[in-house]
Amino acid sequence: MKKFLLAIAVSTFAFAGAALANVGDGLVGNTVTLTGPNGAVTKIYYPDASSIVVKGADGSEAQGTWHVTDNTICTKVGDAPENCTAPIDEAPAVGSSGTIEGEQGAVEWSVSEGKAF
């Protein structure tokens with residue numbers, strides 16, 4: 001479960017670019033896929049403007065919540081502390097992708113249309 005929650009925390013640092021009104025608009029109804037340095041895949045589905053479903057690398061699913069405050073995206077799953085992004089300038093949207101460099105290596109992220117699991 002620790003790796004599962006770490007992947008969620010890493011996901012909150014994924015996005016950067018040019019200013020928009022609501023940085024979470026492109027997430028609603030879509031999935032963010034995270035691929036860790038070891039190949040483990042975590043998917044986060046955003047069915048609406050307040051809830052998430054997270055599918056961990058082990059296949060387990062967990063429910064959580066998310067919200068946008070100013071230009072940050074915050075997520076919370078289970079008893080884990082809430083995680084918020086650094087300020088975001090460009091809203092993630094279907095087809096966007098990138099790399100997050102972290103303490104444990106590079107994590108690839110991408111946004112796909114609909115529920116991708």
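Q: Which residue stands opposite Tyr45 in E3?
A: Val53 does. Two strands count as paired if DSSP finds at least two bridges between them. Helices (H or I, at least four residues) and strands (E, at least two) are DSSP runs, numbered from the N terminus.

Q: What kind of model is this, and how are residues numbered?
A: This is a predicted model, in which local features need pLDDT of at least 70 and side-chain atom pairs count only at pLDDT 80 or more, while totals for chains, interfaces and linings use all residues. Residues are numbered from 1 along each chain as its sequence is written, and side-chain values use heavy atoms, with hydrogens and water left out.

Q: How many bridges join E2 to E3?
A: Three, and the two strands run antiparallel. E2 and E3 form a hairpin with four residues between them.

Q: And what does Val53 stand opposite in E4?
A: Gln63. E3 and E4 run antiparallel and are joined by five bridges. Their hairpin has five residues between the strands, and Gly59 in that hairpin takes a positive phi near 90°.

Q: How much of E3 is buried?
A: Four of its five residues are buried, so E3 is mostly covered. Buried means under 20% relative accessible area, exposed means over 50%, and partly exposed is in between (1.4 Å probe, protein chains only).

Q: Step back. What is the strand order in the sheet?
A: The order is E6-E5-E4-E3-E2-E1-E8-E7, in an open sheet of eight strands with antiparallel pairing. E6 and E7 (97-102) stand at the edges with a single partner strand each, so one side of each has no neighbour in the sheet.

Q: What do strands pair through, in general?
A: Strands of a sheet pair through backbone hydrogen bonds, either parallel or antiparallel.

Q: Back to the edge: what joins E7 to E8?
A: Six bridges, with E7 and E8 (residues 105-113) running antiparallel. One residue pair there is Glu101 with its bridge partner Ala106 in E8.

Q: What else is in the chain besides strands?
A: One helix, alongside the eight strands. Along the sequence the pattern reads α-β-β-β-β-β-β-β-β. Buried residues make up 38% of the 117 residues.

Q: How many disulfides?
A: A search of the whole structure finds one. That disulfide joins Cys74 to Cys84, S to S 2.0 Å, where a disulfide is a pair of cysteine sulfur atoms within 2.5 Å. The link is right-handed, with 110° about the S-S bond.

Q: What does the pair tie together?
A: Cys74 lies in E5 (residues 72-77) and Cys84 in E6 (residues 83-84), so the disulfide ties together parts that are ten residues apart in sequence.

Q: Buried or exposed, those two cysteines?
A: Cys74 is buried at 3% relative accessibility. Cys84 is partly exposed, with a relative accessible area of 30%.

Q: Which residues touch the most other members of the largest nonpolar core?
A: Tyr46 and Ile52, in a core of 17 residues. A nonpolar core is a set of buried Ala, Val, Leu, Ile, Met, Phe, Trp, Tyr and Cys residues joined through side-chain atoms within 4.5 Å.

Q: Which strands supply that core?
A: E1, E2 (41-46), E3 (51-55), E4 (61-69), E5 and E8 each supply at least two residues. E8 gives the most, with three.

Q: What does Tyr46 touch?
A: Leaving out residues up to four places away in sequence, its contacts include Leu27, Asn30, Val32, Ile52, Trp66 and Thr75. Contact means heavy atoms within 4.5 Å.

Q: Where is Asn30?
A: Asn30 is in E1 (residues 30-35). Asn30 is buried, with a relative accessible area of 10%. With residues up to four places away in sequence not counted, Asn30 touches Tyr45, Tyr46 and Val111, among others.

Q: Last one: what about Lys43, buried or partly exposed?
A: Lys43 is partly exposed, at 21% relative accessible area, and its place is in E2. Lys43 and Lys55 are twelve residues apart in sequence and 5.1 Å apart in space, C-alpha to C-alpha.

Q: What lies 3.0 Å from a polar atom of the Lys43 side chain?
A: The backbone oxygen of Ala116.

Conventions: Polar contact = N/O pair within 3.5 Å; in protein donor to acceptor, adjacent residues only side chain to side chain.
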